[in-house]
Amino acid sequence: MKKVRKTSYKTPAWQRGKGGASRRTVLKYGAAAAATSIIGAPAILRAQETVKVGIVYPISGDFARFGDSVTEATLMGFEHVNEAGGIEALGGAMIEPVIVDIRSDPTVTRTETERVINDHDIVAVTGCYVSGLSMVASEVCERHQVPFVTGSISDGLSDRGFQYFCQVSPKASMFGEAQVRIARTLGEEFGPEKNRVAILFEDTDYGTSTADGLRNTAEEMGFEIVLFESYPFDIPDAGPLITRVARSEAEIVFPVSYLQDAILIIETLASRNVDVSIFGGGAGYLVPEFQDGLGALSNLTYSVGSWNWDIEHAQPHGISEAYAERTGEPFIHEHAGEGYCMARLIADAIERAGAADRDAVRDALRATELDPPHPAAIMPGGHLSFDDTGWNHNVHPVVVQWQDGKPRTVYPPEDAATDPVWPLPAWDDRA
Amino acid sequence: MSELVFVFQTLVDGLLLSGGYILIALGLGLIFGVVNYVNVAQAEFSMFAMYGTWVLWIALGLDPFLSLAIILPVFAMIGVAFYVSMVRAVRTRDHGVHILMTLGLAFILQNAALLIFSADVRTIRTAYSAASFNIGGVSINIVKLVAFLIAIALFFALIAFLNKTRTGRAIRAVAQDESLAAAFGVNVDRIFMITVAIAIALAAAAGTIMMPHLFVQPMVGQFFVLFAFAIVVMGGMGNLKGALVAGLIIGVVEAFGQVYIGGLAGRIIVFALILIILYLRPSGLFGRSAL
Amino acid sequence: MTAVLASPRIYVPLAALILFIAAAPWFSPFYLNMAILFLLFAIWGHAWNIIGGYGNSLSLGHAAFVALGAYVPTLMLRAFDLTPIVGAVFGMLAAIAVAAFVGWVTFRLKGAYFAIATLAIITLLHYLTLHFRGLTGGAQGVSVPFRGHDPLYLQFSSNLYYFYILLVMAVLVTWIMQRFDRSQFGYHLRAAGQDEAAAQSIGIDTRQVKLWGFMMSAAITAAAATVYAQFIYHLDPFYVVHIQLSILILLPAVIGGPATVWGPVVGAALLVPVEQLAQRELGGTYAGAQLILYGLVVILVLRYLPEGIVGILGRYYSRLLARLPGGDDIGGKSKPRRQSD
């Protein structure tokens, strides 16, 4: 049975985010998952016609916004492979994605990952966007000896000596470094030098692991950390937090936030006219909703990201345009970009392995040596290969700045698509 | 800026944020004081009111504060339905039964919201959302100020209603002695129904006034209700004036905890405070007075 | 001995148990997983039932004991390489200490106060876990170090082992609950829960009895949580230290039948498969649909079946037993023993 997923949205994901319910996507996935579980049962009979890959993301629950869009980008990657003739080494076998919803819940992640491994003859699993969930899913995969490919960033992921683990993204600790480095570089090149920094981070896995790296690098580079502050991710009011920032007399703020808290922080900083330069920590600072929620106030905000739609290596493949057409979002965000990268990587590894076999695919994944313009080699740093821990050690984060309604890559120079604007004007002049 | 400015800013932040919580706690206390019923799904009604406000804004462009005119009567009716289906039959049973049943209701409402509206965070940002003014360096957000003033106005309206109107006095009579009130010809069941309707409308008002500066997602009520319970415990179960004062205190304590200790300290202090108060003064700081 | 075995009261459950044990190796991973969660929630249901059912004191904070039973041994394993078999004892002690504190604060109060205090304690613990991240791993949670197949550290190559461990625990706890149900302690706790003044008038120190019940409940919850931690191998404070889990823990006993021996077991046997099958079949299609069902069931059971489903089920069960060989003495009319009424 061929299962090329033809996803043609009448209502793009982007619109759904505003008005309708993203349930519709889930409905679609649900139907696909159910279909594969019934029809896909006697996998051995049709061994070479399709190769199954598990796509394990939270497409409902707190992190649905991101899980949903990364799933979409991953599917797009596999579709591009299938449209180009599938896996040649397996006689043009199609890649059949098996989508699993892990509901932003670690217990469900545990059981669902195990289920997809046991019920389907999958050769690899990719997921889970949320680092905490990737921790669980990668444990399950390691214990079942199934390759796990992730774009999650937590440092804890790769320091466990796992053999079936691959991480294409930069590590959390590096984001901090990139954030601090650009702040330093901009100050040195254009002046004035600013030294007093405040680090704000939301209290989930993502924020805390990134913040530690931020602190270390900021200290190393001689910044004075006047505030190192976590806040609840469901913070109802940023007032007290911003009072704390103002009290600390910080000149630079490094906030690590999801979306809602990112908007509250910027809004409150602006309304209190707290004169600081902001270098955001990815996620919420890099999705279209950021601009939607803040309007002109979003302009010129800096943020670090693991990828950006306008970096050079991604240009030949038209990913952002294809994704925009598919979902209606104005550009592809960093994590969806990684999703695409991982899909192409897994397909390439199956091709090189020449067999729909978990160990062969693992070996092929770990032996990856890809260079641009290969569609899997789109991460910053270009060359894609893995070290002994399974980490893509060539990768580095990029720094973007919101300019004219889109995040544009401004640092490091080899990835930059445009020049940074510095120093930042007063809040009233940001538009 | 001088330290004094920060102190006042924190005070203002704490006070302004407490308005919504106070309204939820008032409804909770009113039902408890009059009907002797514990409703842990109280804030779920606020959550639905937030969605209602959002829908009115998206679909009709109705200003969130003006939508109170629609939200209040609609949720009073919902309150009547809630009384008839969930309260009346089990009113005289244990508080544990009330809590579990309304917990079941909370499950239903939260997940119904998830099905209808998805887990996406919804916000209302009006043209005046970011507007604020400045008094001696203390920045005051107009949307939050308006929300707070509406909450306080509703509190005094409620007190006036309970003291000045016939129905209000009947409610107080029932709260003091149900059988005595019945003996004097008060239709107790009708009084209960009106009380619950008012309480649910208050919860809805809380949701609506918070919507312009906050956001809604299906689980948002879980957080509100914790704060509302903290307020009720501190103010004394069923003590409305106590709830007002306790609400203001808790708002300010959380804000100062956040600014001067940091991180989650605000919330940690608030919940540790509940345990301490339960131990030292189980009837709340202001006693359990009859309304 | 054979006379005892000849009664269907004994041989029917025994046969069911043996069948369950023997069939387990043939369960597909999905059903094995379901069986493990069933056992886990049956044990937690039993534990909750002691204070929430017999003691009639609504605890919304049992996730706090799960958290202590899961975190304490895991942190000790990471720090001192201590096997969770020993670590479990420390987890239980921590849970007992917290229960003693909360009970001491609130058992002189009535009604909703205990529920609110337990709500406060789980919320407080949640934020404390996030706040002291040096100790607890904060929001990142904490992983159980992977040691391969190492039975001394409760780590196994197959989930089947967890099934058998939890089965032994579940049988043991059910047996304890059988004894407890008929013991003086059980009688006192039930009396204290139903009518505090009446219980005090016949000389029961209700506060003391509830305190002991709460501590016992906490200890059992924590012990099962230690096994759970090895099974789940990553502890996430947004699940393990969260009110939502408290609610999942109380549902089996409430729906199955509070203050009955078999209520939590029947409740878990109903709820866990529904949850798991809904998750598999709907695959997130209607995220949360099964929780709406849960909510409805809770409301309807409380409204119309305050004794839980074990009340009706028990009658059919007795009738069934009466027809089996050796069941002459049972008679269709005997209701399952419950409450002192």
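Let us start in chain C, where C:Leu154 sits in the loop that runs between strand S1 (142-143) and helix H8 (159-182). This is a predicted model, so please read the geometry that follows in that light. The backbone at C:Leu154 has a phi near 55 degrees, a positive value in a residue other than glycine. What makes such a value worth a pause is a general habit of proteins: most residues other than glycine have a negative phi, and most peptide bonds are trans. As for its surroundings, C:Leu154 is buried, with a relative accessible area of 11%.

Staying in chain C, we can move on to C:Glu196, which belongs to helix H10 (residues 196-201). Is C:Glu196 buried or exposed? Its relative accessible area is 17%, and because the cut-off for buried is under 20%, C:Glu196 counts as buried. Leaving aside residues up to four places away in sequence, C:Glu196 is in contact with C:Phe107, C:Lys110, C:Ala191, C:Thr206 and C:Lys210.

Now for chain A. Its secondary structure amounts to 13 helices and twelve strands. Chain A has 431 residues, and 69% of them count as buried. Among the contacts in chain A with a separation of 6 or more, 68% are between residues 24 or more positions apart. The accessible surface of chain A is about 13,000 Å², with 48% of it belonging to carbon and sulfur atoms.

A:Thr74 gives a local view of such contacts. This residue lies in helix H3 (residues 64-83) of chain A and is buried, at a relative accessible area of 1%. Not counting residues up to four places away in sequence, A:Thr74 touches A:Ile55, A:Tyr57, A:Thr126, A:Gly339, A:Tyr340 and A:Ala343. A:Pro413 offers a contrasting case: A:Pro413 is found in the segment after strand S12 (406-411), and at 65% relative accessibility it counts as exposed. Between A:Pro413 and A:Trp307 there are 14 Å in space, C-alpha to C-alpha, and the two are 106 residues apart in sequence.

The loop between strand S3 (122-127) and helix H5 (131-144) of chain A deserves a slower look, and A:Cys128 is located there. The peptide bond joining A:Gly127 and A:Cys128 is cis, with omega at about -10 degrees. A:Tyr129 is found in the loop between S3 and H5 as well, and its phi is near 65 degrees, a positive value in a residue other than glycine. A:Tyr129 counts as buried, at 11% relative accessibility. Another cis peptide bond runs from A:Pro372 to A:Pro373, with omega near 10 degrees. A:Pro373 sits in the loop between helix H13 (358-366) and strand S11 (398-403).

A:Cys128 also brings us to the cysteines. How many disulfides does the structure hold over all chains? The count is zero. A disulfide is a covalent bond between the sulfur atoms of two cysteines. Why does A:Cys141 not form one? The closest cysteine sulfur, in A:Cys128, is 7.9 Å from the sulfur of A:Cys141, which is too far for a bond. A:Cys141 is also buried, at 0% relative accessibility. A:Cys341 is in no disulfide either, and the nearest cysteine sulfur, that of A:Cys166, is 11 Å away. A:Cys341, too, counts as buried, with a relative accessibility of 0%.

Finally, let us turn to the empty space inside the assembly. Rolling a probe the size of a water molecule over the atoms shows where empty space is left. In this model there are 18 cavities of 30 Å³ or more, and the largest cavity holds about 210 Å³. Which residues lie nearest its centre? They are A:Glu267, A:Thr268, A:Ser271, B:Asn141 and B:Lys144, from a lining of 19 residues. Helix H9 (259-271) of chain A, along with helix H1 (3-35) and strand S2 (138-141) of chain B, each supply at least two residues of that lining. H9 of chain A gives the most, with four residues. By class, the lining of the largest cavity has seven nonpolar, six polar and six charged residues.

The second largest cavity has a volume of about 180 Å³. It is lined by 14 residues, and B:Leu103, B:Gln222, B:Val225, C:Ile243 and C:Ile247 are the closest to its centre. Helix H4 (95-117) and helix H9 (220-235) of chain B, together with helix H12 (243-256) of chain C, each supply at least two lining residues. This second lining divides into eleven nonpolar residues, two polar and one charged.

Definitions and conventions. Residues numbered from 1 in each chain as written. Chains lettered and ligands numbered in written order. Predicted model: local features only at pLDDT ≥ 70, side-chain atom pairs only at ≥ 80, totals over all residues. Heavy atoms only, no water. 1 Å grid on protein atoms, 1.4 Å probe; cavity = no way out; pocket = protein on both sides within 12 Å on 5 of 7 lines; lining within 4 Å. Points joined across faces, edges and corners; volume = space filled by probe spheres on them. Nonpolar A, V, L, I, M, F, W, Y, C, P; charged D, E, K, R; others polar. Disulfide = S-S within 2.5 Å. Buried < 20%, exposed > 50% of the residue type's maximum accessible area, 1.4 Å probe, protein only. Contact = heavy atoms within 4.5 Å. Areas by Shrake-Rupley, 256 points an atom, 1.4 Å probe, with all protein chains shown as cover.
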